Amino acid sequence: SAEEEEEAQPKAKGFHKLNQLSPLLSEFLGVERASRPDIVKKMWEYFKTHNLQNPKDKRQILLDDALQKVFKVKKFTMFTLNKHVAKHVYIEEEPRSPVKKAPKKKATVASKSKAPAKAKAKGKGKKGEDDDGKPKKPKKPINHPKFKLSADMAAVTGTTEDSRPGITKALWAYIRANNLQKPENKSIIICDANFKKVMGGEAQVTMFSMSKFIGAHLGERV
């Protein structure tokens with residue numbers, strides 16, 4: 001029967017597992033259950049169909065009335081999309097098999113006598129102090145320089161200038177939004193037309209080789 005066939009098929013696990021959606025998101029997407037990648041894909045299809053990306057900063061999404069009803073905000077960015085979606089996804093935990101606990105070993109007289117010595121050896125300073133009791137030096141914030149970006153890179157990242165860490169973050173947001181990772185090997189990126197322009201014309205790259213193509217699209221320092 002159809003029910004037996006459904007039971008026979010292996011259930012998706014992890015990131016691709018089908019999860020129950022909130023009533024608001026379910027009504028908006030037209031489905032009761034969906035995986036995280038499918039939700040994000042449908043959301044981006046909606047953004048592009050209704051031109052909801054901010055023309056001045058493509059990373060920013062300006063929500064229409066239908067989306068504001070679901071997410072209760074007027075705008076968010078491509079980086080915070082998953083955070084807002086997570087509030088409407090009810091993750092069903094799979095039952096775990098009981099784990100047998102190993103019997104506790106009785107402490108011997110010798111091991112008890114060594115315990116205080118170990119405690120002293122691992123002594124640490126108070127909060128805000130190092131192990132020697134001296135005040136910890138405050139960490140200086142890292143200011144990454146920004147560069148002007150090429151037209152091709154700006155089309156992918158949605159901004160005309162950014163730092164290297166910011167560019168990398170934007171590239172990954174674009175990869176995930178357009179499902180460019182190879183399903184059987186997530187470290188391989190299948191380049192679409194826009195991504196190919198910033199990856200030296202390569203049809204596919206790896207997450208480890210992407211950074212070497214960024215330099216060619218950096219202009220003068222801002």
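This is a short walk through the cores, the ring pairs, the strands and a few single residues of one structure.

Thank you all for coming. Please keep in mind throughout that what we are looking at is a predicted model.

Let me begin with the interior. Nonpolar side chains in soluble globular proteins tend to be buried together. In this model the largest nonpolar core has 23 residues, and those with the most contacts inside it are Ile39, Trp44, Phe47, Leu67 and Phe71. At least two residues of this core come from each of H2, H3, helix H4 (65-71), helix H5 (81-86) and H8, and it is H3 that gives the most, with six residues. There is also a second, separate core, made of 20 residues, which includes Phe147, Leu149, Leu180 and Leu218.

I would like to stay with the first of these cores for a moment and ask what phenylalanine 47 touches. If we leave aside residues up to four places away in sequence, phenylalanine 47 touches Leu52, Ile61, Leu67, Phe76 and Leu81. With a relative accessibility of 0%, phenylalanine 47 counts as buried, because buried here means under 20%.

That brings me to the aromatic rings, where the count comes to five aromatic pairs. One of them is formed by tryptophan 44 and phenylalanine 47, an edge-to-face pair with 5.3 Å centre to centre and 75° between the planes. Both residues of that pair lie in helix H3 (residues 36-49), three residues apart, which is about one turn of the helix. Tryptophan 44, at 6% relative accessibility, also counts as buried.

Another pair has its partners in two helices, and here the rings of tyrosine 174 and phenylalanine 195 have centres 5.9 Å apart and planes at 10°, so this pair is stacked. It links distant parts of the chain, since tyrosine 174 sits in helix H8 (residues 164-177) and phenylalanine 195 in helix H9 (residues 193-198), 21 residues apart. Tyrosine 174 is buried, with a relative accessible area of 10%, and phenylalanine 195 is buried as well, with a value of 0%.

If you return to the rings around H3, you will find that ring pairs link Trp44, Phe47, Phe71 and Phe76 into a cluster. A charged side chain meets a ring elsewhere, as lysine 169 lies over the face of phenylalanine 79, at 5.0 Å from the ring centre.

Now to the strands. Three of them form an open sheet in the order S9-S10-S11, with antiparallel pairing. Which strands of this sheet stand at its edges? They are strand S9 (181-182) and strand S11 (204-206), each of which has a single partner strand, so one side of each is left without a neighbour in the sheet. Strand S10 (residues 185-190) pairs with S11 in the antiparallel sense over three bridges, and within that pairing isoleucine 189 has valine 205 of S11 as its bridge partner.

Strand S7 (residues 146-149) takes part in two pairings that I would like to show you. With strand S8 (residues 161-163), S7 pairs in the antiparallel sense over three bridges, and lysine 148 has glutamate 161 in S8 as its bridge partner. With strand S12 (residues 218-221), S7 pairs in the antiparallel sense over two bridges, and here leucine 149 is matched by leucine 218 in S12 as its bridge partner. Those two leucines, Leu149 and Leu218, are among the residues of the second core that I mentioned earlier.

Let me close with three single residues. Serine 26 has its place in helix H2 (residues 23-29) and is buried, with a relative accessible area of 14%. A polar atom of the serine 26 side chain lies 2.7 Å from the backbone oxygen of valine 31, and, again not counting residues up to four places away in sequence, serine 26 touches Leu21, Val31 and Glu32.

The other two are asparagines. Asparagine 51, in the loop between H3 and strand S3 (53-54), has a positive phi of about 50° although it is not a glycine. Is asparagine 51 buried or exposed? Asparagine 51 is exposed, with a relative accessible area of 67%. Asparagine 179, found in the loop between H8 and S9, has a positive phi of about 50° although it is not a glycine, and at 40% relative accessibility asparagine 179 counts as partly exposed.

Key. Residues numbered from 1 in each chain as written. Predicted model: local features only at pLDDT ≥ 70, side-chain atom pairs only at ≥ 80, totals over all residues. Heavy atoms only, no water. Pairing = 2+ DSSP bridges. Helix = DSSP H or I, 4+ residues; strand = E, 2+ residues; numbered from the N terminus. Buried < 20%, exposed > 50% of the residue type's maximum accessible area, 1.4 Å probe, protein only. Polar contact = N/O pair within 3.5 Å; in protein donor to acceptor, adjacent residues only side chain to side chain. Contact = heavy atoms within 4.5 Å. Phe/Tyr/Trp six-rings, centres within 6.5 Å; stacked < 30°, edge-to-face > 60°. Lys NZ or Arg CZ within 6 Å of the ring centre and 35° of its normal. Core = buried A, V, L, I, M, F, W, Y, C linked by side-chain atoms within 4.5 Å.
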